[in-house]
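Work through the exercises below with the sequence and the structure in view. Each task is followed by a solution in steps.

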Amino acid sequence: PRQETLTCTITVKLRGRVPPHIVFVMVDDQGYNDIGYHGSEIHTPVLDQLAGEGVKLENYYVQPICSPTRSQLMTGRYQIHTGLQHSIIRARQPLCLPPDIPTLPERLRQAGYSTHMVGKWHLGFCRPECLPTSRGFQSFLGSLTGSGDHFSFQSCDGTEACGFDLHDGNRPAWELSGNYSTRLYTERVKEILRGHDQRMPLFLYVALQAVHTPLQAPGHLLRRYQTLGNRPRRHYAAMVSGVDESVGEIVSELRERGYYNKSVLIYSSDNGGQPLSGGCNWPLRGGKGSYWEGGVRAVGFVHSPLLKRKGVVSQALIHISDWYPTLLSLAGYRDSDSSHLDGQDVWGAISSGLPCPRTEILFNIDPVSRRHGEVDPRLLNVNGFGIWDTGVRAAIRAGDWKLLTGNVGDGDWFPPQTMPGGPQQWQGMEKRRDQRGKSVWLFNVTADPYERADLAEARPEVVKVLLARLAEYNRTAVPPRNPPDDPIYAICCDEGML
C-alpha cells in the first residue's frame, strides 16, 4: 500500500540514512575465464576498471544453471526451501517462483524503492501472478523464458514449441523485434534513469540475455575478434564485449544523471560458462550444469563510492542468496523474522573487510536426479556410511571443504585451446579420471581450487561430517515441484507468442 511505502521511506530518512540506488547486473553464462582480469583474451576494459576500483569477489558462488540462481537472488532461499530443486523452469511447465514467498523487489518497494527490471526473467510465467510485474517490479522489458534469438526474440522449448518472447510489461513487444537484445536493454535502462525521480531510491535489475546461446553479435563487435580462428569463441567474445560496452554506458548514465555517488553496482554471472558454446572456465573444473567449481564459482564484483575499502580482492565466502538480505539491509528494511532465509548479510565483509558471517553453502539436494525406485543399497550403506544416499545429486561447501555426491555433471577441464571448431578440438583436454564408478568426492577447495586431488578416501571423517550436514538440510526440504508439460502451451506457441 502507498501509505506503508511512504511510512517506510520517512522512517529510513529519520534514522539519518539515505538508501543507495542499487543496480544489479546479471550476465548469462559468462565463464570464470571470460573477463580480462582473470587473464582472458576477451577485452573487457570497462568491467576490469570497475572491478579494480571496487571489490572483486574471488570466493563467490552461484548455482550451475539459470532458474536456480535467479530464484535464490529473488528470495534469499536455497532451492530445497522453494521446491525448485530440479533443473530450470522450462517454458512448457506450469511452474513459477512460489507466490507465497516474498521477493527482493517486493520488499524493496515496502522500503520505499522504485523497482524496475530489464532482461531475462526465467522464473515462470504460467499465470499472471507469476510475471515480473506481479512479483514486485513496477516495469519490465525482457524475455520470460530461458533463451531466444537475440534479434528476432523467437524462443523454443524443443523443436515443436516456439514463439515470440519479448514483453514490455505484460504485453508482447512486437514492434521491438529486430533490435539486438543487449543494445535494446541498455537503452531501456538509460530511459529509466532519465525519467526517475531521484528523491526515491531506485532498484534496477539488469538481467542481460547475453552471453547465452544462440551466439549472435553485431558486426562491429565481431570485427574486433576476426583473428580468433574458433567461430564459437569469436562470437562469444564479441557478445562479452557487448556486455562490457553496455555496463560502461549504464555507469556513464549514472554519473551524468547524478546517481553515481549514491549508488551500488553489483555484477554477477548466473553460472559458469558452457565450454561447448564458446565459454571458458579454465583453470576451474567443469562448467555450466555441473557442481564442479567451473559451474558454480562465478565472476562477481561490487563497485560503489560507498564502499569503505576499494581496489581490493575479497576472499569472503559469498553466495547468490546473500544479496537478498544484504541489499535489504542497505535499503534500511528490517525483517522481523529472518530465520526463513538462507542468505546472510555480507555487506560488512565486502565493504569493510569484516569477518564474513557465511561459513557454509548448500549448493543443492536434488531428489529428482535419480529415477523413482532406483536405489542401490551400497550407495547408502557403504559409500554413504549409512548416513546419506550418495546416488542423490548433492553438493555442499563447509569452510575449506567441498563434498559432492551422485551425478554432479561433466568434470572435465577445458583449456582455452580446446574450444570446438576444428579437427583438433579435443586435443589437450584433460578428461576426468575420478568419476567412473564413484558417487562421493571430497576436495579442499582452498588449497585445491581446481579439484584435482579427491580426498574422499583419505579423509573419511570429513566425509561423514558433511554427509550428516546434507541429511540435516534434507530434513528441512520441501517437496520438489517438477510438474509435467502443460499441453495448452503448445496452443499458445501455435498462435506465435509465449
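A residue counts as buried when its relative accessible area is under 20%. The model used here is predicted.

**Exercise 1. State what share of the residues in the chain is buried, and what the chain exposes.**

Step 1. The chain has 498 residues, and 59% of them are buried.
Step 2. About 19400 Å² is exposed, with 52% of that area supplied by carbon and sulfur atoms.

**Exercise 2. Find the strands at the edges of the open sheet and explain what marks them.**

Step 1. The chain holds 13 helices and 18 strands.
Step 2. An open sheet of mixed pairing is formed by 10 strands, ordered β9-β8-β5-β4-β10-β1-β11-β12-β2-β13.
Step 3. Read off the ends: β9 (171–172) and β13 (312–314) each have a single partner strand, so one side of each lacks a neighbour in the sheet.
Step 4. The partner of β13 is β2 (residues 55–57), and the two pair in the parallel sense over 3 bridges. V55 stands opposite V312 of β13.

**Exercise 3. Locate H81 and list its contacts beyond four places in sequence.**

Step 1. H81 belongs to the loop between α3 (66–75) and α4 (104–110).
Step 2. With neighbours within four places left aside, H81 contacts I101, D342, T476, A477 and V478.
Step 3. Take V478 from that list: it is 397 residues from H81 along the chain, yet their C-alpha atoms are separated by 5.7 Å.
Step 4. For the chain as a whole, 74% of the contacts with a separation of 6 or more are between residues 24 or more positions apart.

**Exercise 4. Classify the aromatic pair Y60 and W323, and say what the pair ties together.**

Step 1. The whole structure contains 13 aromatic pairs. In the pair of Y60 and W323, the centres are 6.2 Å apart and the planes make an angle of 70°, which is edge-to-face.
Step 2. Y60 is in strand β3 (residues 60–61) and W323 in helix α9 (residues 323–330), so the pair ties together parts 263 residues apart in sequence.
Step 3. Y60 is buried at 0% relative accessibility, and W323 is buried at 1%.
Step 4. Both rings belong to a cluster linked by ring pairs, made up of F24, Y60, W121, F137, F203, Y205 and W323.

**Exercise 5. Identify the residue that lies over the face of W292, and the one over the ring of W413.**

Step 1. R285 lies over the face of W292, 3.9 Å from the ring centre. W292 is buried, with a relative accessible area of 0%.
Step 2. Over the ring of W413 sits the charged end of R452, 4.6 Å from the centre.

Terms used:
Residues are numbered from 1 along each chain as its sequence is written. This is a predicted model: local features need pLDDT of at least 70, side-chain atom pairs count only at pLDDT 80 or more; totals for chains, interfaces and linings use all residues. Side-chain values use heavy atoms; hydrogens and water are left out. Buried means under 20% relative accessible area, exposed over 50%, partly exposed in between (1.4 Å probe, protein chains only). Contact means heavy atoms within 4.5 Å. Accessible areas come from the Shrake-Rupley method with a 1.4 Å probe; for residues, only the protein chains shown count as cover. Two strands pair if DSSP finds at least two bridges between them. Rings of Phe, Tyr and Trp (its six-membered ring) pair if their centres lie within 6.5 Å; planes under 30 degrees apart count as stacked, over 60 as edge-to-face and the rest as tilted. A charge sits over a ring if NZ of Lys or CZ of Arg is within 6 Å of the ring centre and within 35 degrees of the ring normal.
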